[in-house]
Amino acid sequence: MNVSTQFSENDQVYTISISGSFDFNSLNVFRQAYSDEAIKSAKIIVDMRDTATIDSSGLGMLLNMQRYLNKADGDISIINCNPIVAKIFAITHFGKKFNIS
């Protein structure tokens with residue numbers, strides 16, 4: 001898995017892009033992506049355009065990120081999910097915790 005991050009030009013939006021398999025092996029890399037205090041005030045977007053699969057540990061990492069950043073349900077957007085990842089989010093009712101499109 002590879003993670004890249006980017007602030008928008010006005011530093012209002014912080015995008016975390018995930019490629020490959022989002023699983024337990026991604027733990028440290030993903031945690032580093034959101035551990036900067038500067039992003040706590042930004043709108044968070046997780047771009048899963050290049051994410052092939054996600055497992056239960058990936059789901060747990062998203063929930064941990066939400067708690068760490070102290071964001072309310074729906075404050076973090078997850079975008080560009082492939083059909084496999086979208087189905088996992090639907091089955092686990094992640095649409096109640098995150099804005100998924």
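Modeller: Two strands pair if DSSP finds at least two bridges between them, and β1 and β2 have six, running antiparallel. By the way, this is a predicted model, where local features need pLDDT of at least 70 and side-chain atom pairs count only at pLDDT 80 or more, while totals for chains, interfaces and linings use all residues. Residues are numbered from 1 along each chain as its sequence is written, and side-chain values use heavy atoms, with hydrogens and water left out.

Colleague: What makes β1 and β2 strands in the first place?

Modeller: Strands (E, at least two residues) and helices (H or I, at least four) are DSSP runs, numbered from the N terminus. Here β1 covers 2–7 and β2 covers 13–22, so both clear the strand minimum. Ser-4 sits opposite Ser-17 of β2. Five residues lie between the strands of this hairpin, and Asp-11 has a positive phi there, near 60°.

Colleague: Why is Ser-8 called partly exposed?

Modeller: Buried means under 20% relative accessible area, exposed over 50%, and partly exposed in between (1.4 Å probe, protein chains only). Ser-8 comes out at 23%, so it lands in the middle class. Ser-8 belongs to the loop between β1 and β2.

Colleague: How do you know that the side chain of Ser-8 reaches the backbone nitrogen of Gln-12?

Modeller: The distance is 3.3 Å. A polar contact is a pair of N or O atoms within 3.5 Å (within protein, one must be able to donate a hydrogen and the other to accept it, and residues adjacent in sequence count only if both atoms are side-chain atoms), so 3.3 Å is inside the limit.

Colleague: Which strands are the edge strands of the sheet, and what makes them edges?

Modeller: The open sheet has five strands in the order β1-β2-β3-β4-β5, with mixed pairing. β1 and β5 (99–100) are the edges, since each pairs on one side only. β4 and β5 are parallel, with two bridges, so they just meet the pairing rule. Ile-78 stands opposite Ile-100 in β5. As for the helices, α1 packs on the sheet and touches β1 and β2, with its direction at about 175° to that of β2. α2 lies across β2, β3 and β4 and runs at about 175° to β3. Those angles run from 0 to 180 degrees between N-to-C directions, using lines fitted to C-alpha atoms (for helices, over the stretch in contact).

Colleague: Why is the pair of Phe-30 and Tyr-34 called edge-to-face?

Modeller: Rings of Phe, Tyr and Trp (its six-membered ring) pair if their centres lie within 6.5 Å; planes under 30 degrees apart count as stacked, over 60 as edge-to-face and the rest as tilted. For Phe-30 and Tyr-34 the centres are 5.4 Å apart and the planes make 65°, so the pair is edge-to-face. Phe-30 and Tyr-34 are four residues apart in α1, about one helical turn. Phe-30, at 1% relative accessible area, is buried, and Tyr-34, at 5%, is buried too.

Colleague: What makes the pair of Phe-94 and Phe-98 stacked?

Modeller: Their planes differ by 15° and their centres are 5.4 Å apart, so both values fit the stacked class. Phe-94 and Phe-98 are buried. The structure has six aromatic pairs, and ring pairs link Phe-22, Phe-30, Tyr-34 and Tyr-68 into a cluster.

Colleague: Which residues touch the most other members of the largest nonpolar core?

Modeller: Ile-16, Phe-30, Met-48, Leu-62, Met-65 and Phe-89 do, out of 26 residues. Such a core is a set of buried Ala, Val, Leu, Ile, Met, Phe, Trp, Tyr and Cys residues joined through side-chain atoms within 4.5 Å.

Colleague: Why does Gln-66 count as buried?

Modeller: Its relative accessibility is 4%, so it falls under the buried limit. Gln-66 lies in α2. Beyond neighbours within four places in sequence, its contacts (heavy atoms within 4.5 Å) include Ile-76, Lys-97 and Phe-98.

Colleague: What makes Asn-80 partly exposed?

Modeller: Its 33% relative accessibility lies between the two limits, so partly exposed it is. Asn-80 is in the loop between β4 and α3, and its phi is positive, near 60°, in a residue other than glycine.
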